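Reader: I'm new to reading protein structures. Could you walk me through this one, a question at a time?
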Amino acid sequence: MNEAEARAEIVAAARSLFTRSLTHGSTGNLSVRVGERIIVTPTGSSLGVVEAHELSVIDLAGRHIDGAAPSKEAFLHAAILRARPEATAVVHTHSTHSAAVSCLADVDDDNVLPPLTAYFAMRIGTLPLLPYFAPGDSGLEELAERKAHDHLALLLRNHGPIVSGRSLAAAMDALEELEETAKLFLLLRGQSTRPLSPDEAARLAPR
Ligand SMILES: [Zn+2]
């Protein structure tokens, strides 16, 4: 994929997230890596209106190298792409149900959501909940990089999900699966549920 194609893909995905209310206001950011360059949505932009020529470029160290100022959360994209060389894309949103789960007190920080469905087990696997940091606080960088080695999705406490993929389409797919599973989890709270067994889930787990 060349950079023009990556930019077009980011804009199409951004519109798709925004029009389906998976992001709101100027929240959410997306990135695609093309060689050593990471194309990422700019700071303060709405995913509903951002254009291909307005995107930012950072390097794998998270340094701004071209275009508009990157999202304040772009350093997280770089950290995750460093941790997962096979990944080429990262999507982060404040989607309602995932964000709601990130605010719950009584959850397992090592594995926030049970494998309620086979698709969650296949696309996400285990989902760690990272501790709270203020938006843009680079204290999250090292922790996110470490956790991303073993997880393609992370949930940021009192914030939202950040998901990587071998392609932007795969990252979007996984983020949407996470959001739908968070919705199921909240719908089922207080009811006796039967998630997949550890063995059933392990057989489907992504790397
Ligand atoms: Zn955010």
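**A walk around the zinc site and the sheet**

Author: Sure, and keep in mind that this is a predicted model. Let's start with a side-chain pair: N29 and E73 make a polar contact through their side chains, at 2.7 Å.

Reader: Where is N29 found, and is N29 buried or exposed?

Author: N29 sits in strand β1. Buried means under 20% relative accessible area, and N29 counts as buried because its value is 3%.

Reader: Which residues does N29 touch, leaving aside those up to four places away in sequence?

Author: We already met one of them, since the side chain of N29 makes a polar contact with that of E73. With residues up to four places away in sequence left out, N29 touches T41, L47, S71, E73, H77, V90, V91 and H92.

Reader: Which residues are the protein donors of the zinc ion?

Author: The donor atoms lie 2.0 to 2.7 Å from the zinc ion. E73 is listed with two OE entries, and each histidine gives its NE2. In sequence, the donor residues follow the spacing E-x18-H-x1-H-x64-H. The names you want are E73, H92, H94 and H159.

Reader: How many residues apart are H92 and H159?

Author: H92 belongs to strand β5 (residues 89-92), while H159 is in the loop between β7 (153-156) and β8 (160-165). The pair links distant parts of the chain, and the separation is 67 residues.

Reader: What are the relative accessible areas of H92 and H159?

Author: Under 20% counts as buried. Both histidines get that label, because H92 has a relative accessible area of 0% and H159 has one of 12%.

Reader: Now the sheet: which strands stand at its edges?

Author: The sheet is open, with 8 strands in the order β4-β3-β2-β1-β5-β8-β7-β6 and mixed pairing. An edge strand here has a single partner strand, so one side of it is left without a neighbour in the sheet. That describes β4 (64-67) and β6 (129-130).

Reader: What is the bridge partner of S56 in β4?

Author: Strand β3 (residues 56-59) runs antiparallel to β4, and 3 bridges join them. The two form a hairpin with 4 residues between them, and G62 in the turn has a positive phi of about 90 degrees. One bridge pairs V57 with D66. For S56, the partner is G67.

Reader: How far apart are the end C-alpha atoms of helix α6, and what span should we expect?

Author: Helix α6 (residues 168-188) has 21 residues, so at 1.5 Å a residue, counting one less than the number of residues, you expect 30 Å. The end C-alpha atoms agree with that, being 30 Å apart.

Reader: Which strands does α6 lie across?

Author: The helix has a set of buried residues, including L168, L175 and F185. Its direction is about 145 degrees to that of β8. The strands it lies across are β1 (29-34), β5, β7 and β8.

Reader: Is N158 buried, partly exposed or exposed?

Author: N158 is in the loop between β7 and β8. Its phi is near 55 degrees, a positive value in a residue other than glycine. Most residues other than glycine have a negative phi. With 42% relative accessibility, N158 counts as partly exposed.

Reader: And what is the relative accessibility of S21?

Author: S21 lies in the loop between α1 (3-19) and β1. S21 also has a positive phi, about 60 degrees, although it is not a glycine. Over 50% counts as exposed, and S21 earns that label because its relative accessibility is 57%.

Definitions and conventions
Residues are numbered from 1 along each chain as its sequence is written. This is a predicted model: local features need pLDDT of at least 70, side-chain atom pairs count only at pLDDT 80 or more; totals for chains, interfaces and linings use all residues. Side-chain values use heavy atoms; hydrogens and water are left out. Donors are N, O and S atoms within 2.8 Å of the metal (3.2 Å for Na, K and Ca); water is not among the atoms, so sites may look incomplete. Buried means under 20% relative accessible area, exposed over 50%, partly exposed in between (1.4 Å probe, protein chains only). Two strands pair if DSSP finds at least two bridges between them. Contact means heavy atoms within 4.5 Å. Axes are lines fitted to C-alpha atoms, for helices over the stretch in contact, and angles run from 0 to 180 degrees between N-to-C directions. A polar contact is a pair of N or O atoms within 3.5 Å; within protein, one must be able to donate a hydrogen and the other to accept it, and residues adjacent in sequence count only if both atoms are side-chain atoms.
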